Amino acid sequence: MKKLVFILIVFLVGCSSKEDSDKARKKYDWYGHEVTASAYNSVFWQTDSIDPSVAAWGDTLKPGMKSIAVSRDLIKMGLTHNTMVKIDTFPDTFYVKDKMHWRWRNRIDIYMGKDVKKAREWGRKKLIICYAVPIDSINTTNEKN
């Protein structure tokens with residue numbers, strides 16, 4: 001009897017499909033987009049803020065953080081506060097922590113702490129970013145039923 005129960009348990013556990021476990025792990029849809037990228041620093045003459053280390057959404061930026069500022073048209077595309085972003089020339093994941101001035105379009109600024117020389121050397125480049133948009137689990141579940 002114990003052997004039969006053990007076989008039944010192994011069978012039931014083995015029946016949970018790999019597809020179901022992949023669905024549980026997939027929380028985001030990733031989208032690619034070409035942008036113009038430049039760099040910025042926590043210095044008074046580059047910000048509108050009273051404190052240059054405070055970003056537009058209220059986050060405190062510290063040198064070494066992997067964060068970016070985005071133009072406001074990209075916010076409408078889903079690059080909102082704390083969105084994960086992968087930039088094709090960097091191995092790290094960055095997070096959207098700041099907004100750029102309203103005049104900029106299709107741009108990101110990579111945060112480079114207080115190292116103005118490093119930011120100037122980076123310059124301005126066109127590159128591809130990938131950003132994560134959370135999957136709406138309610139709509140995803142209802143679409144398949």
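## A barrel, its strands and its largest pocket

Asn 82 is partly exposed, with a relative accessible area of 36%. The model is a predicted one. Asn 82 sits in the loop between helix H3 (72-76) and S3. Leaving aside neighbours within four places in sequence, Asn 82 contacts Tyr 95, Val 96 and Lys 97. Phe 94 lies 12 residues from Asn 82 in sequence, and the two are 8.8 Å apart in space, C-alpha to C-alpha.

**The barrel**

How many strands close into the barrel, and in what order? The barrel is closed by 6 strands, in the order S1-S5-S2-S4-S3-S6. Their pairing is mixed. From one strand to the next, the twist averages 45°.

Three of the strand pairs are set out here.

| Strand pair | Direction | Bridges |
|---|---|---|
| S1 and S6 (residues 125-134) | antiparallel | 10 bridges |
| S1 and S5 | parallel | 5 bridges |
| S3 (residues 84-87) and S4 | antiparallel | 3 bridges |

Single residues show how these pairs meet. His 33 has Ile 129 in S6 as its bridge partner. Ala 39 stands opposite Ile 110 in S5. Val 85 is bridged to Phe 94 in S4.

**A buried serine**

Is Ser 67 buried or exposed? Ser 67 has 1% relative accessibility, so it counts as buried; the cut-off for buried is under 20%. Ser 67 belongs to strand S2 (residues 67-70). Residues up to four places away in sequence are not counted among its contacts. Ser 67 touches Leu 61, Phe 94, Tyr 95, Lys 97, Asp 109, Ile 110 and Tyr 111. One of these, Phe 94, is also the bridge partner of Val 85. Another, Ile 110, is the residue that Ala 39 stands opposite. Tyr 95 and Lys 97 are in contact with Asn 82 too.

**The largest pocket**

The largest pocket has a volume of about 720 Å³. Which residues come closest to its centre? Of the 29 lining residues, they are Tyr 40, Gln 46, Thr 47, Trp 104 and Asp 109. Four elements each give two or more residues to the lining: strand S1 (28-40), strand S4 (93-99), strand S5 (107-111) and helix H4 (116-122). The lining divides into 13 nonpolar, 7 polar and 9 charged residues.

Pocket and barrel share parts. S1, S4 and S5 contribute to the lining, and these strands also belong to the barrel. Asp 109 lies among the residues closest to the pocket centre, and Asp 109 is touched by the buried Ser 67.

Definitions and conventions: Residues numbered from 1 in each chain as written. Predicted model: local features only at pLDDT ≥ 70, side-chain atom pairs only at ≥ 80, totals over all residues. Heavy atoms only, no water. 1 Å grid on protein atoms, 1.4 Å probe; cavity = no way out; pocket = protein on both sides within 12 Å on 5 of 7 lines; lining within 4 Å. Points joined across faces, edges and corners; volume = space filled by probe spheres on them. Nonpolar A, V, L, I, M, F, W, Y, C, P; charged D, E, K, R; others polar. Pairing = 2+ DSSP bridges. Axes fitted to C-alpha atoms, helices over the stretch in contact; angles between N-to-C directions. Buried < 20%, exposed > 50% of the residue type's maximum accessible area, 1.4 Å probe, protein only. Contact = heavy atoms within 4.5 Å.
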